[in-house]
Structures are given as structure tokens and as C-alpha cells.
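Please open the model in a viewer and keep the sequence at hand. The tour below proceeds by selection, one stop at a time.

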Amino acid sequence: MAWDSVPWFTEGGAEHSSEVARLLAYAAFGGAEGVVGSADLQVRALTTPAAAVQIRTGACAVINRAQGGAYQAYAARLPVADQIPIAGTGVSARSDLIVARVENPYSYGETWPNPPDPKVGPYVFTRVISGVPKTTTSVRQVRSADSAITLARIDIPANTTTVTQAMIKDLRDMVSPRRERRLYTGFPSALSTLTYSDNKWHNWPGEPARWNIDVPLWATKVKIVTTLAGFRMTKADVYAKMQNVFGGSLGQDTAIDDDQGNNTRRSTIVLADSIGVPSSMRGTTQTLYLQTYMAKSETGDVSVDSATSIIADVEFSEAPDPEEG
């Protein structure tokens, strides 16, 4: 029979295979694997550093890589923090990979030992793969056939018996990170000018470039691209700088360096930033606005008017976040 004869879900007391159940998990996770929440399964040093690390609680999706395991995934959870020992080093430094691995001896082609109790397993473990290259970022690089996801790498110096947080590199991926993108626009109704002045930052151009933005509860990063089209310069050469300000976080300076003399001219200015979203900011409303710095070294002025369009492209994203947990 070519088909797995009992599809999910069939009545009449039909017996459904584990393969079809794992197919359902694979489809639910979109064929991806990783941790479910941004704070899930962090690898952390102990409060008092010792020869061990702690894996915080959480959940994950793990692709089944056993023979014949195509389109199958496991869903696993760690309801209580796990602590695992890490061996000390001798005269040489060492890197260890920390993974979450499913060890299912009943899946075709697998050679894992049978668990103590077939009903409760265990079938999923935190494992240490010791002595990996220091450039390792994925379990696929060292054990490609394992049904496992990578959590972290620990780079342990020589002659070291305790693990500190500085030695732990977070390597988690999220199974289904969320994104939210919105455009905000501003159109000045009248001429607003910032003259060459005092080598200081000013909250300009003010209201046309000021928006209140709701931060998603899950956001860990925000990308902001602000464009000023029809930006006006007059009188003389201009040297200025502009930056985004979001929730008190300052973006990168973008230079405006114009040497076209005293005629009136227009240009397009683009500001771009990638800013971390701390947990204290999530679920709140924060203000995005622009700041402009005018240098005394040049005597031209800058302005916006009814021919200027201001567009802020704001995208929140979710990624593993070591701040949480």
C-alpha cells in the first residue's frame, strides 16, 4: 500500500501512526525548527559560576532526521530548568556545543537505546557535544543526522573549571519569529527652517516627523528607515547631521554635506537604524522623532515645507533574546 493508510484524523477507532502525528507537527511549525518563544531554552551560567550551566524553561520544534523522517517534526517542552555538568579544561582551551536532542529508538534507522520506561521515556535531552571547532554555530556542522537543535556554544579557556556567562554564545533560532511592519507619514503644512547655529542637536523638524508607535509585546528588535523627500537647503553650503530617536534610544548619525552654494536646492535624506527593544519597552507606546544638528562651520540653512514628504518605515521583529528569563 503506497499511502500511510490512516490520515489525520479518521473516525471508527482507526489507529493513527506516529509518522502522521509528526507530519501534523511539521506542518504546524511551517517546516522550521527552533525555540518557540524568544526567552525559551536559554543557556545560562549559574548564579555562582561552577562546572555546570543551566538551561532555562521553554519549548521547541525539532525536525526528525531519521531515515524516512521527511516532513516530520517533534514538539518538546522543558517545564523545569535543566542543569548539566561541563567538564573543565586542561592545558588547551575547548569549545562545547549545547543542544536539545530527541533520541527516539523506535524511529526507523535510529540506534538510540530503549528508555527505562517506554511510556514516559525520556526521549528528549539536553546534550553536550564536547570538543567542537570554535567556529561551530550549528549541530548540523558536527552531527548532521541528529534530530537536534542548537542552543549555545561554550568557549572554555585553558585550565578552567567554572563556566561564566562571557563564555556562552547564544546560538538559538526561533521556529516562527513574528514581524510587524507599518509606514508612518508626515507632510509639513508650512515652511519650517533650522538655521546654521550652535553645534547642538535640535528636535527638528518637529511635529511632521513625530509619531506615537505601539510596541508589540513580543518585539525584541526594531528597524527604522526614515526618508525625507524634498528636503530643502538654502543660502550657502550646508553641513548637518540627522538621527532617529525611538523610545529614548538614539540612532546613527547621518551626515548632510552639501557644497552647492547659495541657490535653493532639494535632496532626499535617508536615516536607517536597527535598535534593540528592551523588555521594559514591550507592550508600551513609544515616540519616534528626528533630531538635527547644524554645524557652525557652514552657513547654509535647512528646511521642510509643503513640498516635503516624510516617511518612517518601522518593522518590529522577534529573535532569541538573552535579556529575558
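**First stop: Phe246**

In this predicted model, select Phe246 together with the residues around it. Leaving aside neighbours within four places in sequence, Phe246 is in contact with Ile213, Val215, Val222, Ile224, Ile275, Met281, Gln286, Thr287, Leu288 and Phe316.

**The nonpolar cores**

Next, widen the selection to the largest nonpolar core, which has 33 residues. Phe231, Phe246, Val314 and Phe316 are the members that touch the most others. Two or more residues each come from β14 (210-214), β15, β16 (238-246), β19 (265-276), β20 (285-294), β21 (301-304) and β22. The greatest contribution, five residues, is made by β15. A second core, separate from this one, holds 25 residues, among them Val43, Ile55, Val62 and Val163.

**Strand β22 and its partners**

Now display β22 (residues 309-317) as a cartoon with β11 (residues 179-186); these strands pair in the antiparallel sense over eight bridges. Within β22, Ser317 stands opposite Arg179. Add β15 (residues 221-234), which is antiparallel to β22 and joined to it by nine bridges. Which residue of β22 is the bridge partner of Ile224? That partner is Val314, a residue already met in the largest nonpolar core.

**Last stop: helix α1**

Finally, select residues 18-28, which form helix α1, and colour its buried residues: Val20, Arg22 and Ala25. Show β5 (73-78) as well, for the buried residues of α1 pack against this strand. After α1 comes Gly30, with a positive phi near 65 degrees.

How values were computed:
Residues numbered from 1 in each chain as written. Predicted model: local features only at pLDDT ≥ 70, side-chain atom pairs only at ≥ 80, totals over all residues. Heavy atoms only, no water. Buried < 20%, exposed > 50% of the residue type's maximum accessible area, 1.4 Å probe, protein only. Helix = DSSP H or I, 4+ residues; strand = E, 2+ residues; numbered from the N terminus. Contact = heavy atoms within 4.5 Å. Pairing = 2+ DSSP bridges. Core = buried A, V, L, I, M, F, W, Y, C linked by side-chain atoms within 4.5 Å.
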